[in-house]
Amino acid sequence: MPDQMPTPDAAAPTAATRPPLRILLCAPRGFCAGVVRAIDVVEQALALYGAPVYVRHEIVHNKYVVESLRRKGAVFVEELDDVPDGAAPVVFSAHGVPRAVPEAADARRLFAIDATCPLVTKVHREAIVHHRKGRDILLIGHKGHPEVVGTMGQLPAGAITLIETVEDARAFAPRDAGTLAYVTQTTLSLDDTAEIVAVLKARFPALSEPHKEDICYATTNRQEAVKAVAPKVDALIVVGAPNSSNSQRLREAAERAGCARSVLVERAGDIDWTMFGAIASLGITAGASAPEVLVEEIIDAFAARYAVEVETVTSKEEDVVFPLPRALRPNAAE
Ligand code: 0CG
Ligand code: SF4
């Protein structure tokens with residue numbers, strides 16, 4: 001026997017002892033077009049201009065993505081003040097930024113590249129148009145989230161009122177109920193938002209609405225996919241980060257759709273195995289910022305403990321692609 005032959009691990013389950021586990025993989029899940037574009041922006045900026053490329057805020061809310069880009073030469077900062085003067089590009093994250101940020105970048109003659117998702121920019125534009133038309137704006141969203149900070153920061157202080165809950169919608173006292181409009185964060189719960197909008201519309205029948213939903217296609221499709229799977233499984237994992245709004249909403253949607261054991265997990269190493277003991281079925285989905293490699297890592301971790309059988313449950317096909325910002329299209333650096 002060669003010296004290096006591994007000794008069998010008595011505790012490791014063998015194929016014969018592993019209990020069966022049916023895994024239902026939600027589709028669509030994981031990366032959306034805005035996230036693919038934002039990551040491409042940083043990679044393309046590194047390829048065209050070399051390291052360092054500064055990135056204001058996590059490009060998307062996922063540590064694995066951030067660390068991979070950091071290794072390639074991206075430098076993540078929270079504020080523009082942390083970017084030194086010079087020629088290195090600075091990328092704004094997919095979540096969008098208040099107007100003051102590109103203005104400050106211009107004033108300092110920094111080379112700014114905006115990776116804001118076009119669907120977030122659409123909400124910014126709506127808010128700006130409402131303001132121009134003299135409307136007071138309600139933003140349905142979560143206080144402190146960078147997208148909310150960015151959307152509120154498109155207009156002067158006081159132009160936008162944040163509505164977080166049904167109670168806020170009931171309590172809001174308008175200056176003039178005839179000149180009101182609402183916009184929303186792109187990654188909200190479809191059900192919670194519908195409730196808030198219903199309260200606002202009942203109170204303010206003249207309320208102007210978005211022409212096309214502000215909650216984005218990716219949020220909508222991932223919530224619908226998880227709702228289709230959640231009632232059929234004993235437990236459900238959402239692969240995603242705690243600061244990822246759309247991922248948190250997926251976990252809540254799964255719980256509300258009937259899967260009480262729904263958890264958000266960043267990496268396989270974070271799984272609390274005591275939660276999963278005697279399950280026979282498991283749903284898996286991933287937030288819009290979670291790479292598929294982490295879904296695979298988690299499936300592998302289950303496959304080491306259970307005899308898994310994986311089935312994909314597709315509720316919608318997606319084919320959305322966003323082009324890169326002009327500064328990064330071929331020949332841009334010449
Ligand atoms: O879901 P949020 O807005 O928190 O962002 P995340 O980076 O997780 O995903 C998509 C984007 C941008
Ligand atoms: Fe854009 Fe929606 Fe993805 Fe956010 S979750 S980056 S709004 S497509």
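Buried area is the accessible area (1.4 Å probe) that two parts lose on being put together, summed over both. Keep that in mind for the views below, which show a predicted model where local features need pLDDT of at least 70, side-chain atom pairs count only at pLDDT 80 or more, and totals for chains, interfaces and linings use all residues. Residues are numbered from 1 along each chain as its sequence is written, chains are lettered from A and ligands numbered from 1 in the order in which they are written, and side-chain values use heavy atoms, with hydrogens and water left out.

**View 1. The whole chain, split into three domains.** Domain 1 takes in 20-31 + 217-314, domain 2 runs over 33-117, and domain 3 covers 119-203; these bounds come from an automatic or database domain assignment. You'll find 10 helices and 12 strands along the chain, where helices (H or I, at least four residues) and strands (E, at least two) are DSSP runs, numbered from the N terminus. The C-alpha atoms fit a box of roughly 80 × 55 × 30 Å along the principal axes.

**View 2. Where domain 1 meets domain 3.** The two bury about 840 Å² between them, with 47% of it on carbon and sulfur atoms. On the domain 1 side, Ser245, Arg249 and Arg256 lose the most area to domain 3, together 42% of what that side buries. The centres of the two domains, taken over C-alpha atoms, sit 31 Å apart. Contact (heavy atoms within 4.5 Å) draws in 12 residues from domain 1 and 11 from domain 3.

**View 3. Polar links between domain 1 and domain 3.** There are two salt bridges here, each a side-chain nitrogen of Lys or Arg within 4 Å of a carboxyl oxygen of Asp or Glu. Look for the side chains of Arg256 and Asp192, which pair up in a salt bridge at 2.8 Å, N to O. On the domain 1 side, α8 (217-229) and α9 (245-256) each bring at least two residues to the junction with domain 3. The largest share, six residues, is from α8.

**View 4. Val295 in its helix.** Val295 belongs to α10 (residues 292-303). Is this residue buried or exposed? Val295 counts as buried because its relative accessibility is 0%, and buried means under 20% relative accessible area (1.4 Å probe, protein chains only). Leaving out residues up to four places away in sequence, Val295 touches Leu25, Arg29, Val239, Ile284 and Ala286.

Technical notes
Polar contact = N/O pair within 3.5 Å; in protein donor to acceptor, adjacent residues only side chain to side chain. Buried < 20%, exposed > 50% of the residue type's maximum accessible area, 1.4 Å probe, protein only.
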